Amino acid sequence: MPTTARQWLLNGHPRGRGIEDGDFKLVETEIADPGEGEVLLKTHFLGFDPAQKGWMENIADYVAPMALGDVMRGSGISEVIASNHPKFHVGEFVFGSIGWTEYLVSNGEGLTKVETSLPPTAVLSVLGTTGVTAYCGLFKVGKPVAGDTVLVSGAAGATGSVVGQLAKIAGCRAVGIAGGPEKCKWLVEEAGYDAAIDYKAGGVKEQIKEHCPGGVDVIFDNVGGSILDDMLANIATGARVVICGGISRYETGDLPSGPKNYFNLIFRRASMAGFIVLDWAAEFPAIRKRLEGFVHDGSLSYQEDIQEGFENAPETLNRLFRGANRGKQMLKL
C-alpha cells in the first residue's frame, strides 16, 4: 500500500496573464489510511478543461474559491485500491473531481462508478462534462429544430465537436469555426459538419455569410471576443445564442468586454443566454446513456488527446490555450 503521493498544488492566481510554470508546485505528501466510510484511490487519468484557469483565478463564482496551497482541482479516473465504504469495492474504477494527485483518500462524495461499454476514458470526454455540456447547452438552451442552421465556435474542441454532431442528429445544418486546415478537415470528414470555417485564414464574417446564407438560427459559442461579434452579425430572426465559454479571454487574461454586435439581438428578435451545466446534474445519467447510444450507432464520434506523465500536468493544461489539443485533453499517469 502506498504511503506517499505526489501532488500539484496551486501556487499562483494567474489573473491578467497566461498560466506560468510558477503557478503550480509539485510536492510529495503522506497518505493516510482510509477510515470508516472512506476509500483509497489511485489516479489513472486526469481531464483538463479551459474552466480550470477560471478556478485558478477565482473568477468563476459557481465553484468554491481556490487558495494558494490547495491541490489543483480537476476531474479524473481512479481505481479503488482500498475500501471501507459500502458502495465502492477494491478493483472498481470511479470518476469525478479527483484533483491533481496520484493517490487520494475520499469519502466517496461526488464519485461515480465507471460503467460504460466504451473505453473507460470516455467518461471524461464524450460521456463526461464536455459531452453533457454540449448536450445541455444545445438542447436545453439552444432549442434547435430540424432545418435550423447551427454555428459552433471552438468546433474542433471536446465540447464543440459534439455540439455539431448532436445538431446533425436533430436534423439541423452544422457549421463549425476552428483554427487551421487540419481541424477543419476533421470537422467535415469525421465529425460530419456541413462546412468548416478556418478563423486563422481571416475573413470570418464573410465566411459565415457564405456558409450560412439564410442566417444562423443557433449559435453555440465557446470562444467569445471578435469571433462572437462576427457570428452575431449574421443571426437569423428568432435566433438563440448559447454562451458556453470564452477561451479567447485567456489570451488577454481578463474577462472580455461585451460584444459590439449585441444590438443585432434586437433587430433579429433573438435571445442570448449563458448556462452552467451543473443545473442539470440530475439528468446526467440519462444523457450519458443517450450519448453512448449515439456513439454505438455511428452518429457520434469523438477525439481524445492523451498525454503521459504526472509531471506534465501543467504543460498539458496549457495545451488547451495554445490550441494544441485534438479533442478532449487528458493525461495518463
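Which helix gives the most to the lining of the largest cavity? Hold that for a moment. First, a caution: this is a predicted model.

Now the answer. Helix H3, residues 158-169, gives the most, with three residues. Let me walk you round that cavity. The count of cavities of 30 Å³ or more comes to one. The space inside the largest cavity is about 40 Å³. Ten names to find on your screen. Start with Ser125, Val126 and Thr130. Then take Ala158, Ser161 and Val162. Tyr302, Gln303, Gly327 and Lys328 complete the lining. By character, five of these lining residues are polar, four are nonpolar and one is charged.

Where does that lining come from? Domain 1 and domain 2 each put in at least three residues. So let me turn to the domains.

The assignment gives two entries for the chain. Domain 1 is written as 4-125 + 302-332. Domain 2 covers 129-277. Their centres, taken over C-alpha atoms, are 29 Å apart. What about the interface? On the domain 1 side, 21 residues are in contact with 15 residues of domain 2. The size of an interface is often given as the accessible area lost when the parts come together. Here, the two domains bury about 1400 Å² between them. Carbon and sulfur atoms carry 55% of that area. Three residues deserve a look: Ile59, Gln303 and Arg326 supply 27% of what domain 1 buries against domain 2. No other three residues supply more. Notice Gln303, which also lines the largest cavity.

Arg326 comes up again. Side chains of opposite charge can pair when their charged atoms come close. Between domain 1 and domain 2, the count is one salt bridge. Glu182 and Arg326 meet in a salt bridge through their side chains, at 3.5 Å, N to O.

Across the model, the salt bridge count is ten. Here is another of them. Arg6 pairs with Glu102, and their closest N and O atoms are 3.0 Å apart. That pair links distant parts of the chain, 96 residues apart. Arg6 sits in strand E1, residues 4-10. Glu102 lies in the loop between strand E5 (93-97) and strand E6 (103-106).

Last stop, the pockets. What is the volume of the second largest pocket? About 260 Å³. Which elements give two or more residues to its lining? They are strand E7 (112-113) and helix H9 (284-296). H9 has the largest share, four residues. Look for Pro285, Arg288, Lys289 and Glu292 in the lining. Thr112 and Lys113 are there too. Next come Val114, Glu115 and Thr116. Phe95, Val123 and Leu127 finish the list. The tally for this pocket is five nonpolar, five charged and two polar.

To recap: the cavity draws on both domains, one salt bridge is counted between them, and H9 leads the lining of the second largest pocket.

Methods
Residues numbered from 1 in each chain as written. Predicted model: local features only at pLDDT ≥ 70, side-chain atom pairs only at ≥ 80, totals over all residues. Heavy atoms only, no water. 1 Å grid on protein atoms, 1.4 Å probe; cavity = no way out; pocket = protein on both sides within 12 Å on 5 of 7 lines; lining within 4 Å. Points joined across faces, edges and corners; volume = space filled by probe spheres on them. Nonpolar A, V, L, I, M, F, W, Y, C, P; charged D, E, K, R; others polar. Contact = heavy atoms within 4.5 Å. Buried area = accessible area lost by both parts, 1.4 Å probe. Salt bridge = Lys/Arg side-chain N within 4 Å of Asp/Glu carboxyl O.
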